[in-house]
Amino acid sequence: MTSLRVVLGDQLSLDLSALEAIGAGDIVLMAEVLGECTYVRHHAKKLVLVLSAMRHFAEALRHGGMTVDYIRLDDPANTQSLSGEVARARQLHRPDKVIATEPGEWRVLEEMRGWEGVEIREDGRFLCGIRQFRSWAGGGHGQRMEFFYRKMRRRHAILMEDDAPVGGRWNFDLENRKRLPAAARVPKPPAFPPDTVTREVMSLVAERFPDHFGSVEGFDMPVTQAQAETCFEAFLRERLPLFGDWQDAMRIGEPLIYHAGIAATLNLGLLDPLRLCRAAEAAYRSGAVPLNAAEGFIRQILGWREFVRGIYWMHMPRYATLNALEARRKLPAFFWSGETRMRCLREAITDTRRHAYAHHIQRLMITGNFALLAGIDPDEVDAWYMVVYADAYQWVELPNTRGMALFADGGIIGSKPYAASGAYINRMSDYCRHCTYDVRESLGADACPFNALYWNFMDRHRERLSRNPRMAMPLRNLARMDPKRLAAIRARADEVLAESE
Ligand code: DLZ
Ligand code: SF4
């Protein structure tokens with residue numbers, strides 16, 4: 001009995017279920033295909049990351065004694081689709097069966113189900129299986145992350161003292177929202193100058209995908225498991241101790257601040273989520289990091305990451321069509337160029353173009369918040385997030401964008417829209433101090449556009465939001481607003497939206 005073991009570009013883990021109990025006569029198939037490189041026009045650095053990491057991983061498998069059939073993008077016989085390459089490999093190797101691990105996207109699962117004789121195994125790299133999540137979510141918890149997270153903490157015995165959370169509380173989110181002092185020093189993360197393999201991929205990407213967002217220049221991301229580990233170790237030592245307090249802070253020219261910056265390599269499979277959580281817990285228990293930092297980090301990995309994946313698989317394919325707030329506006333051109341007077345958006349977009357990265361508050365409260373307030377069509381916003389971030393795969397991107405940022409799922413994932421005016425952005429960043437708009441003003445050509453957009457959003461969705469107790473306060477303030485001022489705010493919002501077209 002021989003088998004063909006298929007490993008996709010974001011399945012680069014030695015303990016992948018598709019590789020379990022692999023025998024001497026079995027063959028691993030890895031294929032670089034145009035279909036996956038262009039189904040969205042991925043950021044140039046994401047393409048380099050994925051293809052270079054795939055090539056390095058194939059070498060690691062060969063080093064471990066496995067036979068790898070590795071198809072390069074420029075191989076003349078390449079059919080340029082995953083299905084085409086699996087079919088071609090079946091012809092060539094005549095395996096008795098094909099073994100794959102469930103993919104991260106609905107679209108690919110549909111495709112995979114069509115592969116002749118395929119056994120699709122569960123992806124054990126996640127800490128909560130899809131079926132397991134469904135049975136939890138069916139249990140009447142209102143599908144809220146907080147309850148799921150508690151269950152995961154208990155199940156994996158992380159930050160627990162018997163049956164109680166360490167420190168007496170499950171969640172230290174309220175202690176993660178400090179403004180970054182001007183004097184705070186932000187350490188530089190490790191950088192990895194491209195080796196020969198990566199340089200070859202950089203040339204390939206620059207030549208084949210010249211019109212994709214961003215550029216290959218300055219690529220310095222980790223592309224192997226060892227490099228990804230080095231990044232994580234540096235985070236544990238240098239940034240995790242400060243991560244808690246300033247998790248939501250933003251600063252011009254510093255996209256990472258104290259974040260780990262590991263989402264891209266974690267989502268490729270180069271890091272193991274449970275090990276990361278245990279390492280953060282050990283750092284807390286040794287006294288090296290405070291509890292609000294360790295808990296905040298663990299919540300992202302053990303809580304949010306697993307939760308959004310569960311929600312994605314539970315609600316697909318319908319989730320990708322939801323548009324609860326009936327947002328229909330086109331994405332402004334400045335989302336691609338970064339050319340806008342709004343300093344916060346300019347920074348978040350130029351950081352993203354340069355690094356294929358922005359941290360969660362830039363994504364949620366700057367670009368996402370603008371798209372929410374302006375009523376941009378979720379299809380356009382989804383497509384943008386999928387393109388621009390190196391860590392974006394639909395299982396994680398869709399619930400975060402359509403659900404968390406845009407509230408287009410009507411509250412499946414979050415209990416309220418994360419709408420904010422300029423005051424929030426000013427509190428959490430140094431952007432407003434360096435902006436030509438005045439964050440304290442709502443009216444007039446130099447008034448911060450977020451302010452008018454915020455009240456206009458509350459006004460537009462007043463009726464729908466009135467059913468949500470978490471929106472009571474802003475709606476009360478809206479109700480108290482002088483009608484003349486509200487009319488002026490509506491006019492200012494129209495002006496801002498017209499300028500953003
Ligand atoms: C993202 C990506 C890219 C750019 N290229 C490839 C590829 O050439 N071959 C491959 O197997 N996988 C690639 N991937 C990752 C897939 O798109 C990913 O496996 C699916 O989106 C499911 O998550
Ligand atoms: Fe952004 Fe408004 Fe602040 Fe300018 S003033 S940076 S537009 S929030």
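In the predicted model, the second largest pocket encloses about 730 Å³ of space. Its lining is formed by 32 residues, and those that lie nearest the centre of the pocket are P189, D220, L256, H355 and Y357. Two or more lining residues come from each of the elements α2, α8 (225-243), α9 (263-268) and α13. Of these contributions, that of α13 is the greatest, at three residues. Classified by residue type, the lining of this pocket comprises 18 nonpolar, five polar and nine charged residues.

Enclosed space was examined next. Five cavities of 30 Å³ or more are present in the structure. The largest cavity has a volume of about 370 Å³. A total of 28 residues line this cavity, with L8, G9, D10, E36 and V50 nearest its centre. The elements β2 (27-31), α1 (34-38), α2 (44-63), α3 (82-93) and α4 (106-113) each give two or more residues to the lining of the largest cavity. Helix α2 gives the most, with five residues; α2 is also among the elements that give two or more residues to the lining of the second largest pocket. The lining of the largest cavity consists of 18 nonpolar, three polar and seven charged residues.

The second largest cavity holds about 100 Å³ of space. Of its 13 lining residues, C344, C432, C435, Y437 and C448 are the closest to the centre. At least two residues of this lining are supplied by each of α13 (343-355), α17 (422-428) and α18 (449-460). The lining of the second largest cavity divides by class into 11 nonpolar residues, one polar residue and one charged residue. Helix α13 thus appears in the lining of the second largest cavity and also in that of the second largest pocket.

Helix α18, which supplies residues to the lining of the second largest cavity, also packs against helix α14 (residues 360-374), with the two axes 8 Å apart and at an angle of about 50 degrees. Angles that are neither under 35 degrees, nor over 145, nor from 65 to 115 count as oblique, and α14 and α18 are therefore oblique to each other. The crossing of α14 past α18 is left-handed. On the α14 side, the contact is made by I366, N369, F370, L372, L373 and A374, and on the α18 side by F450, L453, Y454, F457 and R460. Nine of the residues in the contact of α14 with α18 are nonpolar, one is polar and one is charged.

A second helix pair is formed by α11 (residues 291-315) and α16 (residues 394-405), whose axes lie 8 Å apart and make an angle of about 90 degrees. Since angles of 65 to 115 degrees count as roughly perpendicular, α11 and α16 are therefore roughly perpendicular to each other. In this contact, W304, R305, V308, R309, Y312 and W313 of α11 meet Q394, W395, V396, L398, P399, N400 and M404 of α16. By class, the contact comprises nine nonpolar, two polar and two charged residues.

Helices α5 (residues 130-137) and α6 (residues 145-155) form a further pair, with axes that come within 11 Å and cross at roughly 125 degrees. This angle makes α5 oblique to α6, and the crossing of the two helices is right-handed. Residues Q132, F133 and W136 of α5 are in contact with F147, F148, K151 and R155 of α6. The contact of α5 with α6 includes four nonpolar residues, one polar residue and two charged residues.

Two features of the backbone were also identified. Most residues other than glycine have a negative phi, and most peptide bonds are trans. By contrast, the peptide bond that joins M316 and P317 is cis, with an omega of about 5 degrees. P317 is located in the loop between α11 and α12 (334-337). The second feature concerns R94, a residue other than glycine that has a positive phi, near 50 degrees. R94 is situated in the loop between α3 and β4 (97-101). Helix α3 is also one of the elements that give two or more residues to the lining of the largest cavity.

Technical notes. Residues are numbered from 1 along each chain as its sequence is written. Chains are lettered from A and ligands numbered from 1 in the order in which they are written. This is a predicted model: local features need pLDDT of at least 70, side-chain atom pairs count only at pLDDT 80 or more; totals for chains, interfaces and linings use all residues. Side-chain values use heavy atoms; hydrogens and water are left out. Axes are lines fitted to C-alpha atoms, for helices over the stretch in contact, and angles run from 0 to 180 degrees between N-to-C directions. Helices (H or I, at least four residues) and strands (E, at least two) are DSSP runs, numbered from the N terminus. A crossing is left-handed if the near helix is turned anticlockwise from the far one by less than a right angle, and right-handed if clockwise. Contact means heavy atoms within 4.5 Å. Ala, Val, Leu, Ile, Met, Phe, Trp, Tyr, Cys and Pro count as nonpolar, Asp, Glu, Lys and Arg as charged, and the others, Gly among them, as polar. On a 1 Å grid over the protein atoms alone, a cavity is a set of points where a 1.4 Å probe fits but cannot get out, and a pocket is an open set with protein on both sides within 12 Å along at least five of seven lines; lining residues have an atom within 4 Å of a point. Grid points are joined across faces, edges and corners, and a volume is the space filled by probe spheres set on the points.
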